[in-house]
Amino acid sequence: MSKDTQLSDSDGVVLVKTARKAVTEFLSNGDRIKLESDLEEKFSFNSGVFVTLNNPDGLRGCIGFPMPEKKLSHAVIEGAIAAATEDPRFPSVKTNELNDIVFEVTVLTPPVEIDVSDPMEYLEKIKVGRDGLIIRHSFSSGLLLPQVPVEYDWNVEEFLQHTCEKAGLARDTWKNENVKIEKFEGIIFKEETPNGVIVREET
């Protein structure tokens, strides 16, 4: 496994606090924060990451980078600001909402293509709660994080169907032999309450 799987609980605390601070500063004065030099170095490895914002009504924003193409130190800040201001499903977060929002950071392992000779094998090779999915077909792609099927109590087939829908594809497109399906794992850190204790979510 790559270095991102060795993140400690204290690393997770730093990442979630960084995400909250990045959004707070950006909404307050338009500034993009930078990590202190020691933390910048600590999180200087490339990693996929998603930042999720939830309020009492549910999802309030979620944006990230599925591929390990950016340094984690930069990606967590960019993802947090984008989740708060650029998620097309929601209006931009306002400063007075921050005390009602729980911040969650999911650090991703690099995606690996699932090799099958028959699409029905996907049902055996994907584990709900451990794996996130990326589906690619033609010019479409969709991604769902590992925690999503757990939240909605989906089985593997439902998880595949919803990932297809996220890509704008028909629900059963995963059965098409021309589809590329990748899986990845996520290390999830989140606030238990808005601005509260930060914990590692066990998957």
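**Notebook: salt bridges, Arg 60 and helix α3**

I began with the charged pairs and found that the structure holds 12 salt bridges. I keep in mind throughout that this is a predicted model, and I looked up three of the pairs in turn.

**Entry 1, Arg 60 and Glu 97.** I first took the salt bridge between Arg 60 and Glu 97, in which the closest N and O atoms are 2.8 Å apart. This pair links distant parts of the chain, since Arg 60 sits in strand β2 while Glu 97 belongs to the loop between α3 (72–85) and β3 (102–108), 37 residues away. For the extent of the strand I noted residues 58–65.

I then asked myself whether Arg 60 is buried or exposed. Its relative accessibility is 8%, and because buried means under 20%, Arg 60 counts as buried.

Next I checked what the side chain of Arg 60 meets. Its polar contact with the side chain of Glu 97 is 2.8 Å, and a polar atom of the Arg 60 side chain also lies 2.8 Å from the backbone oxygen of Pro 91. Leaving aside neighbours within four places in sequence, I listed the residues in contact with Arg 60, among them Leu 53, Asn 54 and Asn 55, then Ala 83, and further on Phe 90, Pro 91, Ser 92, Val 93, Glu 97 and Ile 101.

**Entry 2, Arg 171 and Glu 165.** I went on to the salt bridge that Arg 171 forms with Glu 165, where the closest N and O atoms are 3.1 Å apart. For accessibility I noted Arg 171 as partly exposed at 35%, and Glu 165 likewise as partly exposed, at 37%.

**Entry 3, Glu 201 and Lys 190.** The side chains of Glu 201 and Lys 190 meet in a salt bridge with an N to O distance of 3.9 Å. Glu 201 lies in strand β8 (residues 198–201) and Lys 190 in strand β7 (residues 180–191), so this pair ties together parts that are 11 residues apart in sequence. With a relative accessible area of 32%, Glu 201 is partly exposed. I also asked which residues are joined into one network by salt bridges that share partners; these are Glu 104, Lys 190 and Glu 201.

**Entry 4, Asp 100.** I returned to the loop between α3 and β3, where Asp 100 is found, and recorded Asp 100 as partly exposed at 45% relative accessibility. Not counting residues up to four places away in sequence, Asp 100 touches Asn 54, Asn 55, Pro 56 and Pro 194. I also looked up Asp 100 against Glu 191, and these two are 91 residues apart in sequence but 11 Å apart in space, C-alpha to C-alpha.

**Entry 5, helix α3.** Lastly I turned to α3 itself, which has 14 residues and reaches 20 Å from its first C-alpha to its last, close to the 20 Å expected at 1.5 Å a residue. How many residues of α3 are buried? I found 11 of the 14, and I noted the helix as mostly covered. Among the buried residues are Leu 72, Val 76, Ile 77 and Ile 81, together with Gly 79 and several alanines, including Ala 83, which I had already listed as a contact of Arg 60. What covers these buried residues includes the helices α1 (9–29) and α2 (37–42), along with the strands β1 (48–55), β2 and β3.

Definitions and conventions: Residues numbered from 1 in each chain as written. Predicted model: local features only at pLDDT ≥ 70, side-chain atom pairs only at ≥ 80, totals over all residues. Heavy atoms only, no water. Helix = DSSP H or I, 4+ residues; strand = E, 2+ residues; numbered from the N terminus. Buried < 20%, exposed > 50% of the residue type's maximum accessible area, 1.4 Å probe, protein only. Polar contact = N/O pair within 3.5 Å; in protein donor to acceptor, adjacent residues only side chain to side chain. Contact = heavy atoms within 4.5 Å. Salt bridge = Lys/Arg side-chain N within 4 Å of Asp/Glu carboxyl O. Expected span 1.5 Å × (residues − 1).
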